[in-house]
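Good morning, and thank you for the time. I would ask you to keep the sequence and the model in view while I speak.

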Amino acid sequence: MINYIYPEYEIIRNPDKCISCGVCVRQCANEVHENINKTNKVICDDSKCVNCHRCAVLCPTRAIKIVKSGNTYRENANWNCKTIDEIYKQAQSGGVLLSGMGNPENYPVYFDKILLNASQVTNPSIDPLREPMETRVFLGKRPDDIMRESNGKLINNLPPQLPLSMPIMFSAMSYGSISYNAHESLARAAAQLGILYNTGEGGLHEDFSKYGKNTIVQVASGRFGVHVGYLNAGAAVEIKMGQGAKPGIGGHLPGTKIVGDISRTRMIPEGSDAISPAPHHDIYSIEDLRQLVFSLKEATQYKKPVIVKIAAVHNITAIASGIARSGADIIAIDGFRGGTGAAPTRIRDNVGIPIELALASVDKRLRDEGIRRNVSIVVGGSIRSSADIVKAVALGADCVYIGSSALMAMGCHLCRNCHAGRCNWGIATQVPELVKRLNPDIGSKRLVNLLTAWRHEIKEMMGLMGINSIETLKGNRLMLRGVGLNEKELQILGIKHAGE
Amino acid sequence: MQREGQVRIPAGCAISGIIDKSGNRMSGEAIIDSIAVMRERSNGLGGGFAAYGIYPEYKDYYAFHIFYDSSTSKKECEEYLERHFDIINLSKIPTRKVKGITDSPLIWRYFVIPLPTKLSDSQLDEREYTARCVFRINTKIEGAYVFSSGKDMGVFKAVGFPEDVGRFYRLDEYEGYCFTAHGRYPTNTPGWWGGAHPFALLDYSVVHNGEISSYDANRRAIEMYGYKCTLQTDTEVIAYIIDYLHRKKALTFSEIASIIAAPFWQTIKGMSSEERELHEYLRIMFAEQLITGPFSILVGFNGGLMALNDRLKLRSMVVAEKGERVYIASEEAAIRMVESSLDKIYAPKGGEPVIINIAGGGELD
């Protein structure tokens, strides 16, 4: 069959700059570049290019650039190039379209329509270079009442809390979907930063058990790698009910990635596909969730907070309310922009709701019901900058999860081909030659750099609002104003319009 | 024009307080003189006083001070009061004509005690029952506003300069063991008497100078516990936080100070292990009651007074002592005005509470 699809990107090689060193040939796992007959001439096949920029970044003479192909169909407002291409792809393959990373479609990004306040005259802004500026947060359930000993001394009746130096954690990315070196980078950065990373649903490689107090271990519907030692290896246990990129379906890891240690860590045979069931087959309702929450608490002697992660869907408030009464300590909500290693494109692009709206509604609902203290709220999908974090906290989040941003810190160029398993940056791949391209010393350093920079920016933004402790930013919606939002959107977000 | 509560109005201010540690009563003259010195810090758009120990003959009854916009609202409110309370005494609050105090609403005072049958049916304790009735009147009865509801204490406030307000209410004719005062500098024209300070609920009264940056975080948290912030002022939310922590959670004022002006983590780190554990606990447990941004507050309660600055001390506040008297004010001059020879005078550090319990009174801890 003729392949109808014209490459989306075009590689432009400047012959004046190219020294035919062959770096691009060696670096591209997609075999885009080729030395012809061992001559000095390098040619390339645009059709294989995923635009991951590995060659462009590593070319010593900057001879390569990748541009969007100017070739275009006779587009119209209804049939754009992407839609047409997808039809050709499916007509050719007969398969479900797969994609990596988060929803790229043109839906509103509410974070970009919210502005922050600053102090002027009536109260002073606070300079984080000269005054303490606190970003420490604790995640966990808190009781309503205090208790005292007979002599009046307060009794510490708090259930286990997760202390974090800043309201940021690395979200779940399984060992298998990403590489050993990517996991090591995340674990080491989390330990250095005083935050947590999340194993995802692929179990915990034994080498990383030493990062236990900076680890969240995940229990997903496939239960890969789950045993009592695993549950007790981390600081908290997360039940993954759903994921923003693919609400309602389970994780997919092709057998080609189930090799060596991954098969051992997941406790499944090499080469077998790891397809997590769409639901947890022991959770068909909220009361079943409660049983799993308490089973996990029993297995961990009530020493670890239990997180329940859900995708932001239409009736998120009712679901969150149920979870807040289920015994869970923390609710993690993943918005429809959330990333993934692999998801059916149609699901990624059409299911779920924006995290900003889900967060605002859930925070309000839990307060209206008087149960906000029962749980902390963690939000992800998609948090792209320190400003997003400040806005999320002001809307009511206790903390955020970052996934894609963390991957980008390690080198990801958002080519959205994680599912192909040939990540040239050594992140979303299990090919040993590719994995070793990601040096955990450098990967963890770049992660630490990113979050150190963000923490500085968070402090600056808190300071200009006259806030010197993150607690008083939390849920402080008066610090936010919407721009270009309609009445309904403002009402759901619980904020005023700029100028009001 | 929008009333206080329909719009949020930031304000700068002056505060002053005088308390007699032995519980001896004094006239309200001194507090008027003290706050008058700080006229510069007010702009004539609000002033008020809280006075403790002024109703000894009715000390077992809640003294409700109520503003009415009209006789209709008065009638409706009195019917409500009669359904819920035994009214022992009622009268207009005596005032005198003062230039600068105009547009007075009807101002009435009631000494009441909950009806025993109503109270037992409600399954609430007496103070909670009374507080809920106050909320009910203030949110449901149009044109009626209870601005004072404690026992053996009263709030007196109006739109005007505080010294004029004091003379208007004939405060010099009252005797109490503790007085606090407030002069307001709102950055908008409220024009409604209910919006002046102090803000009080039961016997807790708050005067506050500052503009807190934590307002909406504090408001949204406290509203979870049944409070309704109708005025949108810092003082109102601070008063509710105090009521919540002291009356409902039975925390001591020193613990409350450690919550609302919590020590920094870096300070907590250097504490003894017992202290560290306590402060960590309070900060985690009551994170939403932390207040940031500038404030200096005087919290009056039956039997005592607490003065507290924000954790960075972004507002001035000095404390002085002379014999049994303790003086607290935004400016030293306001103290010197009424007592020129002082035993000692100092400025408390940010977050360091000054708690004065009178002899035989104060909190039981």
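I shall take the two chains in turn, and then a few individual residues and bonds.

First, the conventions. This is a predicted model, in which local features need pLDDT of at least 70 and side-chain atom pairs count only at pLDDT 80 or more, while totals for chains, interfaces and linings use all residues. Residues are numbered from 1 along each chain as its sequence is written, chains are lettered from A and ligands numbered from 1 in the order in which they are written, and side-chain values use heavy atoms, with hydrogens and water left out.

Let me begin with chain A. It contains 15 helices and 21 strands; by helices and strands I mean DSSP runs numbered from the N terminus, helices being H or I of at least four residues and strands E of at least two. The radius of gyration of chain A is 24 Å, close to the 23 Å from the globule rule for 500 residues, so the chain is as compact as a globular protein of that length. That radius is taken over C-alpha atoms, and the rule is 2.2 Å times the number of residues to the power 0.38. The C-alpha trace of chain A spans about 90 × 60 × 45 Å along its principal axes.

Of the 500 residues in chain A, 54% are buried. Here buried means under 20% relative accessible area, exposed means over 50%, and partly exposed lies in between, with a 1.4 Å probe and protein chains only. Among contacts in chain A between residues at least 6 apart in sequence, 69% join residues at least 24 apart, a contact being heavy atoms within 4.5 Å.

Which elements cover helix 10 of chain A? This helix, residues 355–368, has 14 residues and reaches 20 Å from its first C-alpha to its last, close to the 20 Å expected at 1.5 Å a residue; the expected span is 1.5 Å times one less than the number of residues. Ten of the 14 residues are buried, so helix 10 of chain A is largely enclosed by the rest of the structure. Among those buried residues are A:E356, A:D363 and A:R367, alongside others such as A:L357 and A:V362. The cover includes helix 8 (316–324), strand 16 (330–334), strand 18 (376–380), helix 11 (386–395) and helix 15 (487–493) of chain A, together with helix 6 (215–222) of chain B. Helix 10 of chain A is followed by A:G370, whose phi is positive, near 70°.

A second buried site in chain A is A:L438, in the loop between helix 13 (432–435) and helix 14 (440–464). Its relative accessibility is 4%, so A:L438 counts as buried. Leaving aside residues up to four places away in sequence, A:L438 touches several residues, including A:S179, A:N181, A:M410, A:W425 and A:G443. The C-alpha atoms of A:L438 and A:Y180 are separated by 9.5 Å, although these residues are 258 apart along the chain.

I turn to chain B, which has eleven helices and 18 strands. Its radius of gyration is 19 Å, close to the 21 Å that the globule rule gives for 365 residues, so chain B is as compact as a globular protein of that length. Its C-alpha trace spans about 60 × 50 × 45 Å along the principal axes, and 62% of its 365 residues count as buried.

Helix 8 of chain B, residues 253–260, is mostly covered, with seven of its eight residues buried. Its cover includes helix 7 (234–248), helix 10 (273–285) and strand 12 (204–210) of chain B.

Finally, some backbone details. Most residues other than glycine have a negative phi, and most peptide bonds are trans. A:R62 is not a glycine, yet its phi is positive, about 55°; it lies in the loop between helix 2 (54–58) and strand 4 (64–68) of chain A and counts as exposed at 56% relative accessibility. A:V121 also has a positive phi, near 65°, and is exposed, with a relative accessible area of 85%.

Where are the cis peptide bonds? One joins A:G381 and A:S382, with omega about 10°, and A:S382 is in the loop between strand 18 and helix 11 of chain A. Another runs from B:H197 to B:P198, with omega near 15°; B:P198 lies in the loop between strand 10 (178–186) and strand 11 (199–201) of chain B.
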